[in-house]
Structures are given as structure tokens and as C-alpha cells.
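Trainee: Please pick one part of this model and take me through it slowly. I would like to see how a single part fits into the rest.

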Amino acid sequence: MKVKAAVMRELNKPLSIEDVDVAEPGPDEVLVKTKACGVCHSDLHTVHGGIAAPLPTVLGHEPAGVVLKVGERVRNVAEGDHVIACTSMFCGACPQCVQGHPHLCSDRGACRRPEGAAPRLSRGGELIHPYADLGGFAEAMLLHSRAVVKIPKDIPFDVAALVGCAVTTGVGAALNTAQVTPGSSVAVFGAGGVGISVIQGARIAGARQIIAVDLADNKLANALKFGATDTINPANVDAVKTIKKMSGGGVDFAFEVVGLPKLLEQAFYSLAPRGTAVLVGAIAAGQTVSLIPGHFFLEKRIMGCMMGSNRFTVDAPRYLELYRQGRLDLDAMVTRHAPVDDVDEAFRAMEAGEVTRTVLTFD
Ligand SMILES: [Zn+2]
Ligand SMILES: [Zn+2]
């Protein structure tokens, strides 16, 4: 089928709105009519070259939609099902998958079409890559069945889409990766879509204190609505000193959600003894972090986080149930809706810090 898509052909250029060809599903594949797709910072990092991706590519990796057709071996979803797609597709057989860490799957190639097979996406015979093995900025997506999870039909597509990346990453960073404990203190550096999700995850975990750190006062005011108990704008004060003072000596958990080496260092220095710093943001290749080793004597830890250490086929339905109960606020995270043709405006609004999320919607 032919569908409209936003294609990235060159770095630092507006996306090109084109008709692309989507192939018929193979035995393990699912054809999904896209209903909504969030615009994430990683899409923009890719446009700017901070994340490498083969070109041309259909960007977008935070989608939700309706299953149009499934291959003969697909059992987890059926035609008409509502689904979220997540980039953490998994082979199910490698050591990481078998040990319960499918987000770190070492053989995701098993979920791609074999080398030399007809491409999932193309245009006039030219191969087009689905970004993150998804390609959500298009009217339809052809996906591996282990990249999708069925969701209840009463959940609106725009909020469901957020669970494909931002919410899974941020809430998962708090609940799965760091395992924030009840009564603990938490600092979150960065209050965009993922930062807000970390704040909500910490709140759900029962943290007593959640300190949001951001340079934008509008984002800090927003963070308070999602569960932050305190805010710091480091334009005015020293973030580390202020966190230490507010928390009575340091926080138990600190999250870096921006992707800047300096902020990871600050997150680490903000910790109480035995505290854990988690790097959620994507620090650009070639940059390094330097830490004063003496802090490790206080048994402080630093750890990475890949997509919220998710098992999205289990996590996503849980997060949506928390949403339904009013314990995870997804409605307020959707700041704007836009058609796919306006994706560049969505990037601009994100860079300007005007939105938590723009969600592209499709008829
Ligand atoms: Zn993302
Ligand atoms: Zn695997």
C-alpha cells in the first residue's frame, strides 16, 4: 500500500513529506494503521546527527494504531486490535532475553527481514529505513510482531502513543532501572517528556521528595503538576549545593534525562552515601564524563538505563492501567496535536521548550 510519510533524507533539513510503499506482512509481521505518534527528542537528535541512522528513513518511534493485517504465524495480536509499538523488539532466545532483559536483546536482527529480502518500506524501488525499526511518522507501519503490544480499546491513541517511548523510558527508569524506594528522595535533571515520566514513576514508587531541575521556569512549574515536590533552576543557583541542602545531605536517586556530561556529574555529586545516579539521557558520541573517585568510597553508584529497562509487553498494559486509575497522568503530557505535515513545527516547539509532547495524529 502507498501511505504518506515524513522522510528524513539529509541531516539538518526539514523532513520531506512523501508517498512511500509499505510491503505486505511476512509470516511474523503486522501491518498497523498509525493513529498517533509522539515527537521525541531522539527523532530531533537524529535530524541533527547526534544519533546515527541509515538514510533515507521514516522517523517516529512513539506510535499507536490499529492492526490492519497480520502474518500467518502472528499470535499476540489480530486484525482490529489497538496496539502500541515499541523499539525494544526482542528475539526471545538470546541470553539477555532469556534472563528477563529483552530491552537489551543482542539479536534484534532476528526481528528484521533477512538481508536481500524485499524491504518493508520503499519508494519507487528505493529502500527506505523504518527508524528504530518502527517508522511512526507514516500513515501505516509494517512491524515485527514482537514490536507491538495489544492495548485496551478505551485508551485514546494519543496518550497510548506516549507509552511507546517517553513513558516506558521515564517511568521504567524509576520503577525498573533504579527501583526507587518508598520514602526516598529523588532529583531529576531535565523536565521534558521523559523527565516528567521519571517524576511520575518516582511519585508512583512513593518517593517523599522529588526535586526537578531545569533551566526553563515553565517546565519547572509543569513538573510540580506531575508530582515534583521542589524545583531548582540552575540559572540562578548551584544545583548540587541546593539539592544537598533541600534533601538534608543528598538524594537517594538522581536521574540525568538531558544527555549532557556536566549534568551526569552533577547528578552523581548530588547523591547521599549509597545513592544511585542513573543516566537516562543520550550523551553524544565522543563526549566524556569525569568524576572525582573519592565519592565512590561512599558507595555511590552510577548506572545506565536503556529504554527504562522495559519488558514493554508487560509494562505497557500496567502503565495504561495506572493511567485509567488516575495514578499516571498522560493526558496533561500531550501539549499539542498536529498532522504529520507539521512535524518540523513540532521539532521547533520542542527545541523552544514550548511543549511536553506534540503528538502527530492520523485520520
Ligand atoms: Zn523517544
Ligand atoms: Zn534477544
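**A close look at strand E12**

Mentor: Let's start with one pair: Val-186 stands opposite Ile-210 in E12. This is a predicted model, in which local features need pLDDT of at least 70, side-chain atom pairs count only at pLDDT 80 or more, and totals for chains, interfaces and linings use all residues; side-chain values use heavy atoms, with hydrogens and water left out. Residues are numbered from 1 along each chain as its sequence is written, while chains are lettered from A and ligands numbered from 1 in the order in which they are written.

The pair belongs to a longer match: strand E11 (residues 185–189) runs parallel to E12, with five bridges between them. Strands (E) are DSSP runs of at least two residues and helices (H or I) of at least four, numbered from the N terminus, and two strands pair if DSSP finds at least two bridges between them. Such pairing works through backbone hydrogen bonds, either parallel or antiparallel.

Now look at what surrounds E12. Five of the five residues of this strand (209–213) are buried, so the rest of the structure largely encloses E12. Here buried means under 20% relative accessible area, exposed over 50%, and partly exposed in between, with a 1.4 Å probe and protein chains only. Gln-209, Ile-211 and Val-213 point one way, Ile-210 and Ala-212 the other way, and all of them are buried.

Come back to Val-186, because it is one of the residues in contact with Phe-255 when neighbours within four places in sequence are left aside; contact means heavy atoms within 4.5 Å. Phe-255 also touches others, including Val-188 and Phe-189 as well as Val-180, Val-278 and Val-280. Phe-255 is in turn among the residues with the most contacts inside the largest nonpolar core, alongside Val-167, Val-180, Ile-199 and Leu-330. That core has 62 residues, a nonpolar core being a set of buried Ala, Val, Leu, Ile, Met, Phe, Trp, Tyr and Cys residues joined through side-chain atoms within 4.5 Å. In soluble globular proteins, nonpolar side chains tend to be buried together.

This core draws at least three residues from each of domain 1 (2–163 + 330–361) and domain 2 (170–306), with bounds from an automatic or database domain assignment. The C-alpha centres of the two domains lie 29 Å apart, and their contact takes seven residues from domain 1 and ten from domain 2. A second, separate core has 32 residues, among them Met-8, Leu-31, Leu-44 and Ile-128.

For contrast with the E11–E12 pair, look at strand E1 (residues 2–8) and strand E2 (residues 16–22), which pair in the antiparallel sense over six bridges. There, Lys-4 has Asp-19 in E2 as its bridge partner. Both strands also belong to a barrel that five strands close in the order E1-E2-E7-E8-E4, with mixed pairing.

Finally, step back to the whole protein. It has ten helices and 18 strands, and buried residues make up 55% of its 363 residues. Among contacts between residues at least 6 apart in sequence, 70% join residues at least 24 apart. The C-alpha trace spans about 60 × 40 × 40 Å along its principal axes.
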